[in-house]
Number of protein chains: 2
Amino acid sequence: MDLNFTEETLLDDGVRERGFLLGDIPGTLWSPGSERAPLVLLGHPGDLRRMHPRLAARARYAVARGFAAATIENPGSGDRPRTPALDDARADLRRAVQTGERVPDDVVDGLVLPLVDQAVPEWQALLDALPGIDGRVAYTGGIISIGVRLARVEPRIAAAVLFAGSWVPRAVVEEAREVTVPVHVLLQWDDEGNDRQQALDLFDALGSPEKSLHANMGGHTGVPEHAGEDADRFLERHLR
Amino acid sequence: MDLNFTEETLLDDGVRERGFLLGDIPGTLWSPGSERAPLVLLGHPGDLRRMHPRLAARARYAVARGFAAATIENPGSGDRPRTPALDDARADLRRAVQTGERVPDDVVDGLVLPLVDQAVPEWQALLDALPGIDGRVAYTGGIISIGVRLARVEPRIAAAVLFAGSWVPRAVVEEAREVTVPVHVLLQWDDEGNDRQQALDLFDALGSPEKSLHANMGGHTGVPEHAGEDADRFLERHLR
């Protein structure tokens, strides 16, 4: 897929933020002064406009450490065309969560597996198309199942920082056994919207000889600053 | 109880290591040049001689950050008189572990509760007796139940770094709900001698608004260097 830059902003701390289209997928690249740098992929739950402040904050941390950072819109989210099948699956999941009962596996599978199947090749296309990328790449953030699949199938991924907090199909827990790169999992322990046991099962399944789980308090979006710094140091260790 | 220094060694990095007797309890104090410093208590599974290399390594990290570090022998361990009741309870636990079945609660209680009841007032006596101690104190290490009880009852404890990896009575899990100081729990995820679920239950029970769980690979004694550094930074944040 072709990548075309559509806009450019120079942020006040010298970070260059460029919007692009990868085919028809919107995305953003943040880069430091240097031309070639290790790359941090910023995963997210979807809707780049809504997520921009948080993504830009994560990107600035990455760039401050000499990395580039990039993200693309999720399938069926934000400015991308709706996908009726994904919309239906999202509605099914929302209804299942509202019952207060354990969400049935087939409802989780019905949303997350098609999303992963479509999104992972798009992230790979981004790696093919982005200019100025040094050898090493890390995936960071959610949707955690996208990170697991990408770490399993894409040899350019050298490490992953995964945010627990989304639903994980059992099939993805099984895939996690084949992941071998270093993985750092962030879990918000008191996040009521998160299936904590599922996150622990996924962490346990990961095949990586080097893996760490950091659990903290503060709710879904309240990752403490020190936890972000620990994750940054993990990236430092594995992208240099 | 009186504290009397019995020997002094100046280590090659300028750390002052002093042996002492607190009443008849052997202990060691490591201190930096400065006279008054925050204090890191070094908990351990028992037998100061056997544990000395690992304790001295932990102490040097603490002193390098400007803290003093101190430890005392556990009841019935090392050079302290045997306690037939504790010896019997240890033998019961060993036999229970060897069956490969879940260790019954009463066997865990039979060893750990008397140990905690005896050890915690001794650590408090140490705080009363140690000279040159600044206001803030942290308990670090195992036996995790000693750390929980001490954090609950002793107001001089400002923070705790707890090593999961010993048996925890259900009563101590309940006590953990009344702990309010910041706690950093280290869990070796692949430690076969450790009841992982018990460690997760204890972490969940802790009443502390600020608590972190860091799980890593590497076996019981294989805490990675970066995990030790994260714990040091936790102490920096809470003892300054």
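# Briefing: a two-chain predicted model

At the start of helix α6(B), a side-chain oxygen of D195(B) comes to within 3.2 Å of the backbone nitrogen of Q197(B). The model is predicted. Chain A and chain B touch, and each gives 18 residues to the contact. The points below cover that contact, helix α6(B), the β1–β3 strands of chain B and two single residues.

**The contact between chains A and B**

- About 1700 Å² is buried between chain A and chain B, and carbon and sulfur atoms give 52% of that area.
- Three residues, W189(A), M217(A) and H226(A), supply 28% of what chain A buries against chain B. No other three residues supply more.
- Two salt bridges are counted between the chains.
- One salt bridge joins the side chains of R196(A) and D204(B), at 3.1 Å from N to O.
- Eleven residue pairs are in polar contact between chain A and chain B, counting pairs with both residues at pLDDT 80 or more.
- On the side of chain A that touches chain B, the elements giving two or more residues are α6 (196–205), β9 (211–216) and α7 (225–239).
- The largest share there, six residues, comes from β9(A).
- By type, that side of chain A has seven nonpolar, four polar and seven charged residues.

**Strands paired across the chains**

- β9(A) also pairs with β9(B), residues 211–216 of chain B. The two strands run antiparallel and are joined by five bridges.
- Within this pairing, L213(A) stands opposite A215(B).

**Helix α6 of chain B**

- Helix α6(B) spans residues 196–205. Its buried residues are Q198(B), A199(B), L200(B), L202(B), F203(B) and A205(B).
- Those buried residues pack against parts of both chains. From chain A come α6 and β9. From chain B come α4 (144–153), α5 (170–176), β8 (183–188) and β9.

**Strands β1 to β3 of chain B**

- Strand β2(B), residues 16–22, is largely enclosed by the rest of the structure, because five of its seven residues are buried.
- On one pairing, β1(B) (residues 3–10) runs antiparallel to β2(B), with seven bridges between them. F5(B) has F20(B) as its bridge partner.
- β1(B) and β2(B) form a hairpin with five residues between the strands. In the turn, G14(B) has a positive phi of about 85°.
- β2(B) also pairs with β3(B), antiparallel, over seven bridges. Here E17(B) is the bridge partner of W30(B).
- The hairpin of β2(B) and β3(B) has two residues between its strands. G23(B) takes a positive phi near 60° in this hairpin.

**S31 of chain B**

- S31(B) lies in strand β3(B), residues 25–31.
- S31(B) counts as buried because its relative accessibility is 8%, which is under 20%.
- The side chain of S31(B) makes a polar contact of 3.2 Å with the side chain of R18(B).
- Leaving out residues up to four places away in sequence, S31(B) touches V15(B), R16(B), R18(B), V63(B) and A68(B).

**G207 of chain A**

- G207(A) sits in the loop between α6 and β9 of chain A.
- G207(A) is partly exposed, with 33% relative accessible area.
- P182(A) is 25 residues from G207(A) in sequence, and their C-alpha atoms are 9.3 Å apart.
- Neighbours within four places in sequence aside, G207(A) is in contact with A176(A), R177(A) and V179(A).

Conventions
Residues numbered from 1 in each chain as written. Chains lettered and ligands numbered in written order. Predicted model: local features only at pLDDT ≥ 70, side-chain atom pairs only at ≥ 80, totals over all residues. Heavy atoms only, no water. Contact = heavy atoms within 4.5 Å. Buried area = accessible area lost by both parts, 1.4 Å probe. Salt bridge = Lys/Arg side-chain N within 4 Å of Asp/Glu carboxyl O. Polar contact = N/O pair within 3.5 Å; in protein donor to acceptor, adjacent residues only side chain to side chain. Helix = DSSP H or I, 4+ residues; strand = E, 2+ residues; numbered from the N terminus. Nonpolar A, V, L, I, M, F, W, Y, C, P; charged D, E, K, R; others polar. Pairing = 2+ DSSP bridges. Buried < 20%, exposed > 50% of the residue type's maximum accessible area, 1.4 Å probe, protein only.
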